[in-house]
Amino acid sequence: MRHRRTWYGQGWGWSKDDWKKFNKAQKKAAKRLRKAVKRLRRAAKDLSNGGKISRRTRRTLAQFAGAVGGSPSAADLKATANMLAASATALADDGTLGYVANSYGAEQWAIGMARSATAPAAANTATRTMLVNTSHPLFGPQPIRTDQTNEQVLTWMVGHESLHNKPNSLEDQYFMGSRVYQYVDPARVWQLGATNPQLAIQNPDNILQFVFPW
Ligand SMILES: [Zn+2]
């Protein structure tokens, strides 16, 4: 067991540089998740109290509804907060709780990940393991997007994958036959919320629209 503080424990295959990037993203993601947890719990409390809703809570409600659609109840806010708290715990784990991230090179990724050949990462809903495609340009020196840094994308990605792992075990949801991903088609994320909030509140990238400001 590692005693060094590494967050999702450092599994096999990592270069020093890639691990540094990944680990930094984990810390950033955990921090944002915890902030979201606080906001959701505070808003849930306000709603349950049945009194006057503060401006802060109104803003939280509007932003959360914007991300997942519908009119989320206090119970919805609490349930989502609990999921995000569990993900933050996973990200902050050094491997003691079983959360481990492994790095795959291009060849290994192509063999093992045919279904997600172009994805930067994957995580099984039955485990606490994150598989990271460090041959993805996301780990390279060139920004893969014009509107965001690679660090921002990586931070979103680790948040996304942590929601797949236990105990949350969320699956990516489908809209019109395609999985709903922010980085594949952000319009779909919005459409899922607009048409099926019950699914959207279980979809990692809908929830993450509330968590990350980019
Ligand atoms: Zn996913």
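**Exercises on a predicted model**

Met-176 sits in the loop that separates E5 from strand E6 (178-179). The model examined here is a predicted one.

**Exercise 1. Determine the sign of phi at Met-176 and state whether the residue is buried or exposed.**

*Solution.*
Step 1. Phi of Met-176 is near 50 degrees, which is a positive value in a residue other than glycine.
Step 2. For comparison, most residues other than glycine have a negative phi.
Step 3. A residue is exposed if 12 or fewer other C-beta atoms lie within 10 Å of its own. Met-176 has 9 such neighbours and is therefore exposed.

**Exercise 2. Characterise the backbone at Pro-167 and Ser-169 in the loop between H5 and E5.**

*Solution.*
Step 1. Pro-167 belongs to the loop between helix H5 (150-164) and strand E5 (174-175), and Ser-169 is placed in the loop between H5 and E5 as well.
Step 2. The peptide bond leading from Lys-166 to Pro-167 has omega near 5 degrees and is cis. Most peptide bonds are trans.
Step 3. At Ser-169, a residue other than glycine, phi is positive, near 50 degrees.
Step 4. Ser-169 has 14 other C-beta atoms within 10 Å, so it counts as partly exposed; this class lies between the limits of 12 or fewer for exposed and 20 or more for buried.

**Exercise 3. Establish the strand order of the open sheet and identify which strands stand at its edges.**

*Solution.*
Step 1. The open sheet consists of 4 strands in the order E1-E2-E4-E3, with mixed pairing.
Step 2. Strand E1 (9-10) and strand E3 (121-123) each have a single partner strand, so they stand at the edges and one side of each lacks a neighbour in the sheet.
Step 3. Strand E2 (residues 100-104) runs parallel to strand E4 (residues 129-133), and 5 bridges join them.
Step 4. Tyr-104, for instance, has Asn-133 in E4 as its bridge partner.

**Exercise 4. Assess the overall dimensions and packing of the chain.**

*Solution.*
Step 1. The chain contains 8 helices and 6 strands, arranged along the sequence as β-α-α-α-β-α-β-β-α-β-β-α-α-α.
Step 2. A compact globule of 214 residues would have a radius of gyration near 17 Å, and the value of 17 Å for the chain therefore agrees.
Step 3. The C-alpha trace spans about 55 × 40 × 30 Å along its principal axes.
Step 4. Of the 214 residues, 42% count as buried.
Step 5. Among contacts with a separation of 6 or more, 70% link residues 24 or more positions apart.

Notes:
Residues are numbered from 1 along each chain as its sequence is written. This is a predicted model: local features need pLDDT of at least 70, side-chain atom pairs count only at pLDDT 80 or more; totals for chains, interfaces and linings use all residues. Helices (H or I, at least four residues) and strands (E, at least two) are DSSP runs, numbered from the N terminus. The radius of gyration is taken over C-alpha atoms; the globule rule is 2.2 Å times the number of residues to the power 0.38. Two residues are in contact if their C-beta atoms, placed from the backbone, lie within 7 Å. Two strands pair if DSSP finds at least two bridges between them.
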